[in-house]
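Visitor: Hello! I would like a close look at the salt bridges of this chain, and then at whatever else helps me place them. Could you walk me through that slowly, with the cut-offs spelled out?

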Amino acid sequence: MAHARVKGSEKLSLTAKIMIAMGLGIVVGVLLDMLDSPFVDTHVVAGFFGMIGTMFVNALKMLVVPLVFFSLLTGVTGIGDIRILGRVGGKSFALYIFTTACAIGMAIILALLIGPGSGFDMEGVDTSGVTGAEAPSVWSTFAAIVPTNPIQAFASGEMLQVIFYTVILGIAALMMGDAAKPFTEACGFMNELVMKVVGIVMTFAPYGVFALIAKTFAEQGIGLFVPVMAYVATLVLALFLHLFGTLSLLLKTLSGLNPITFMQKLRPAQVFAFSTASSNATIPVTYRAVTERVGVDKGVASFCIPFGATINMDGTAIMQGVATVFLANVYGIDLGLTGYITVVGMAILASIGTAGVPGVGLVMLTMVLTQVGLPIEGVAIILGVDRLMDMIRTAVNITGDAVVTTIVARGEGKVDLGVFDDPEAGVLTEDVTDIPAHAQPAQ
């Protein structure tokens with residue numbers, strides 16, 4: 001560890017490089033938007049920046065399924081007791097649902113107090129091409145967790161199905177006892193190998209983040225925010241209240257850990273979530289942050305992080321709450337208490353059955369609007385700013401995943417306080433082989 005600290009003090013951390021890349025990306029993007037050159041827009045912004053950004057996000061997504069599969073198998077077999085596994089799963093599910101309900105409830109109350117959308121002029125808003133999505137039933141949502149074809153689930157990235165199959169496989173290995181030892185050792189090796197690949201991909205992160213941010217600001221510009229400034233301001237306020245209020249309070253109350261230290265440790269994952277706008281693509285980074293920086297046991301993190309990325313969408317739920325109030329005000333429709341209770345229930349249900357990919361929030365929003373009788377054409381009003389808002393709410397999503405994971409691990413006595421209190425623990429530099437000893441797979 002002494003060697004790692006010396007290196008960390010001589011080099012910029014990966015997080016610092018990414019923050020610099022984000023800042024440069026914003027500046028370059030705004031300048032290119034002001035330049036307004038068709039050639040630059042086509043060949044530089046959509047072409048070169050689009051290519052680099054897509055390659056980076058694809059590389060992150062490439063890691064998700066193998067990382068979840070091998071780390072989850074290693075975690076399940078490492079826990080060693082089916083009863084403990086059931087307790088961890090039950091606690092995490094209950095907390096994820098609770099935080100989502102808190103998020104959207106707070107968002108609705110805040111939006112009702114501020115009242116964004118009152119007096120909004122719909123003239124000039126292009127509502128063509130906005131289509132609604134059918135809301136899933138409770139029964140179909142839970143039935144879809146069980147895959148009919150595990151190979152297809154792995155190929156299509158259906159994370160709930162992947163998690164279900166992997167947990168069943170891990171339980172079967174536990175039941176076999178010593179006979180499964182070669183299998184569990186092989187899974188441990190593959191988990192370590194995937195973590196090395198994660199390290200390699202991370203070295204290219206600053207370039208990918210720069211391209212993604214520059215492309216977003218070059219295409220969206222600042223002008224899109226002016227007509228919907230009240231909506232944007234209310235949404236950002238609600239997101240930050242949940243991030244630094246609700247989640248921090250839950251962490252302090254239920255785990256006793258310092259929320260400030262925790263947020264500092266989680267910054268790399270938050271930055272990645274912001275730049276990619278995808279909870280699933282950020283799974284490898286969130287996983288590394290909570291295990292190597294926060295000190296959560298790999299067995300607990302292997303289960304809770306991918307599970308949370310799939311069913312826990314606090315930021316997206318907040319967007320749905322604020323957007324519903326905003327559009328109700330725009331159209332002059334009073335939803336009443338029953339309507340807003342329906343919104344809360346729909347948001348929770350949709351978060352369970354919807355993938356953590358960019359833009360999914362708008363799909364979920366159309367389900368909610370249809371259910372409460374609001375015109376789905378209203379989505380066109382916020383369509384322009386949704387990409388930037390999606391970036392912020394994804395950072396909130398993965399923070400909720402990490403908070404719940406840490407609370408569950410702390411309750412099981414599975415948080416290494418020495419790692420949590422060490423500011424240098426798990427700090428990433430350019431050296432992809434510099435993986436701390438405590439990041440090795442549990443046996």
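Guide: Happy to: here is the chain as a whole, then the salt bridges, and then some other contacts and the surface.

A word on what you are looking at: this is a predicted model, in which local features need pLDDT of at least 70 and side-chain atom pairs count only at pLDDT 80 or more, whereas totals for chains, interfaces and linings use all residues. Residues are numbered from 1 along each chain as its sequence is written, and side-chain values use heavy atoms, with hydrogens and water left out.

The chain holds 19 helices and zero strands; helices (H or I, at least four residues) and strands (E, at least two) are DSSP runs, numbered from the N terminus. Of its 443 residues, 54% are buried, where buried means under 20% relative accessible area, exposed means over 50%, and partly exposed is in between (1.4 Å probe, protein chains only). Among contacts with a separation of 6 or more, 86% are between residues 24 or more positions apart; a contact means heavy atoms within 4.5 Å.

Now to your request. How many salt bridges does a search of the whole structure find? The search gives four, with a salt bridge being a side-chain nitrogen of Lys or Arg within 4 Å of a carboxyl oxygen of Asp or Glu.

Let us begin with E412 and K91, whose closest N and O atoms are 3.0 Å apart. This pair links distant parts of the chain, 321 residues apart: E412 is in the loop between α18 (386-411) and α19 (417-421), while K91 is in helix α4. The partners also differ in cover, since E412 is buried because its relative accessible area is 16%, whereas K91 has 32% and so is partly exposed. Nor does the pair stand alone: R87, K91 and E412 are linked in a network of salt bridges.

Two further salt bridges sit within helices. In one of them, the side chains of E292 and R288 meet with N to O at 3.2 Å. These two are four residues apart in helix α12, so about one helical turn separates them. E292 has a relative accessibility of just 1% and therefore counts as buried, and R288, at 5%, is buried too. In the other, D390 and R393 meet at 3.4 Å, N to O. Both lie in helix α18, three residues apart, about one turn of the helix, and both are buried.

Helix α12 deserves a second glance for its packing. The axes of α11 (residues 259-276) and α12 (residues 283-293) are 8 Å apart, at an angle of about 175°; axes are lines fitted to C-alpha atoms, for helices over the stretch in contact, and angles run from 0 to 180 degrees between N-to-C directions. That angle is why α11 is roughly antiparallel to α12; here angles under 35 degrees count as roughly parallel, over 145 as roughly antiparallel, 65 to 115 as roughly perpendicular and the rest as oblique. On the α11 side the contact includes L266, P268 and F272, and on the α12 side V285, A289 and R293 are among the residues involved.

From P268 you can step across to A16: their C-alpha atoms are separated by 8.8 Å, although their positions lie 252 residues apart along the chain. A16 belongs to helix α2 (residues 14-35) and, with 24% relative accessibility, counts as partly exposed.

Returning to α4, the helix of K91, which loop comes between α4 and α5 (138-143), and which residue is found there? G117 is found in that loop. At 8% relative accessibility G117 counts as buried, and beyond its neighbours within four places in sequence it is in contact with F326, N329 and V330.

Helix α4 reaches the surface as well. I109, L113, I114, L237 and L241 make a nonpolar patch of about 490 Å². The elements giving two or more residues to this patch are α4 (82-114) and α10 (229-255), and α4 gives the most, with three. L241 lies in α10 and is partly exposed because its relative accessibility is 40%. Patches consist of residues with over 30% relative accessible area and no salt bridge, with like charges joined within 9 Å and nonpolar side chains (Val, Leu, Ile, Met, Phe, Trp, Tyr) within 5 Å.

How values were computed. Areas by Shrake-Rupley, 256 points an atom, 1.4 Å probe, with all protein chains shown as cover.
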